[in-house]
Amino acid sequence: MKVNQLNHPIPGTTIFDGVQARKGYALNKMCFSFNSAENREEFKRDEDAYCKKYGLNAQQHDAIRNRNVLQLIAAGGNIYYLAKFGGIFGLDVQDVGAQQTGMSKEAFKAKLAAAGR
Amino acid sequence: MAKIIGCITTTHVPSIGGAIAKKLQNDPYWSPFFDGFKPVHAWLKKVKPDVAVVIYNDHGLNFFLDKLPTFAVGAASEYRHADEGWGIPVVAPFRGDLDLSWHLINTLVDKEFDITTCQEMLVDHAFTIPMSLLWPGGESPPVRAVPICINTVQFPIPSARRSYKLGEAIGSAIESWDSDAKVLVMGTGGLSHQLDGERAGFINKEFDLKFMDSLIKQPDWATQYSSTELVELVGSQGVELLMWLAARAALPGPVHKVHSNYHIPISNTASGLMLIETVH
């Protein structure tokens, strides 16, 4: 059964459905572990070892190395767990939005403010 | 029997927690948002609810993809917040209400909502921030609480129609609770926003305002939309309006809009607030 009830994809949007959840399980499980300060420290001490411990595939591991949110989503990442990964580097959702849209943070914030007018 | 006094629906953006901790309520960026709560504070002082049923969505604090309930009801004497990974301060625990929790659980299952019961449940910013907004000052809120969580992390998420029906069932359960408590229903999340993908930053003011209006004039209006239609209309995370729908559906009989506020942006989100009281 189709999860998307629309007859078209939504541009720039990946619905986090069973396909993504299956693909991204290891990646999301690792990011979920970043709720714990101890785990965040362990990741920072040896990033590659931490990714291996959670069984990330090559695509996921590369996307983590690249700190690239669109690549992380393509690798099955869910934004709520990815936000915890971003938190390790002090990134907020506007940093993440700016990166994904190829804008500066200031331009991204201006775009948000413009939506209110 | 218990009495439902009204519902309050509000945005729960994490950065609000940071702004509260840094006391930025009067900062020019934040004041259009925080000022919106002043009439809510006055109303709460007047009506003094005893219990709050808080309909919210977890973002990966209590639930992970290993076991992800569509609907979950808290059944704990205390609910704790915890580290969510990106640095908002952890707030003090909240008191539960076991009698209402189990009455809700028994009634909802009887009405064919096969909910998950949680005798231990961490509550994330979607629960804690609205509590801090309604009862500011850093002390524990003067209400007991029952959290009800709706999945919006992983599709398929429950439809708007199903969430509305859940709200109706919650309302009739509260009304059949043998207690003299005054009960407030809260719905947290939204309004339009999208955090992920090239479409990040998407906001739909026209739809949000129409939706808020519908909660007074025709509360089941948004149930015409499928979940993916809602993603298209309000963004991937804007689907949190399901919490608003469920909270509104819990109100019995005629209602009166006491207050509303709408402001863009708070973080990446169109922030909304509504206070609707029941007319007895």
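This report walks through the chain contacts, the enclosed cavities and the cysteines of a predicted model.

**Where the chains meet**

Let's start with the interface. Chain B brings 40 residues into contact with 45 residues of chain A. Between them, the two chains bury about 3,600 Å², and carbon and sulfur atoms account for 60% of that area. On the chain B side, B:Phe64, B:Phe155 and B:Thr228 together supply 17% of the area buried against chain A, more than any other three residues. If you are wondering why buried area is quoted here, the size of an interface is often given as the accessible area lost when the parts come together.

How many salt bridges run between chain B and chain A? The count is 1. It pairs A:Arg40 with B:Asp83, whose closest N and O atoms are 2.9 Å apart.

**Enclosed space**

Next come the cavities. The model has 2 cavities of 30 Å³ or more, and the table sets them side by side.

| Cavity | Volume | Lining by class |
|---|---|---|
| Largest cavity | about 170 Å³ | 8 nonpolar, 7 polar and 1 charged residues |
| Second largest cavity | about 60 Å³ | 7 nonpolar, 4 polar and 1 charged residues |

Which residues lie nearest the centre of the largest cavity? They are A:Thr14, A:Phe16, A:Asn78, B:Asp196 and B:Gln237, out of a lining of 16 residues.

The lining of the second largest cavity includes A:Tyr81 from chain A. From chain B, its lining residues include B:Asn57, B:Asp58, B:Gly60, B:Phe63, B:Leu68 and B:Pro69. The stretch B:Cys149, B:Ile150, B:Asn151, B:Thr152 and B:Val153 also belongs to this lining.

**Cysteines without partners**

Finally, a look at the sulfur atoms. Over all chains, the structure holds 0 disulfides. Why does A:Cys31 form no such bond? The closest cysteine sulfur, in A:Cys51, is 8.6 Å from the sulfur of A:Cys31, which is too far for a bond, given that a disulfide needs two cysteine sulfur atoms within 2.5 Å. A:Cys31 is also buried, with a relative accessible area of 0%.

B:Cys118 is likewise in no disulfide. For this residue the nearest cysteine sulfur is that of B:Cys149, 8.0 Å away. B:Cys149 appeared earlier too, among the residues lining the second largest cavity. Is B:Cys118 buried or exposed? With 7% relative accessibility, B:Cys118 counts as buried, because the cut-off for that class is under 20% relative accessible area.

Note on methods. Residues numbered from 1 in each chain as written. Chains lettered and ligands numbered in written order. Predicted model: local features only at pLDDT ≥ 70, side-chain atom pairs only at ≥ 80, totals over all residues. Heavy atoms only, no water. Buried < 20%, exposed > 50% of the residue type's maximum accessible area, 1.4 Å probe, protein only. 1 Å grid on protein atoms, 1.4 Å probe; cavity = no way out; pocket = protein on both sides within 12 Å on 5 of 7 lines; lining within 4 Å. Points joined across faces, edges and corners; volume = space filled by probe spheres on them. Nonpolar A, V, L, I, M, F, W, Y, C, P; charged D, E, K, R; others polar. Contact = heavy atoms within 4.5 Å. Buried area = accessible area lost by both parts, 1.4 Å probe. Salt bridge = Lys/Arg side-chain N within 4 Å of Asp/Glu carboxyl O.
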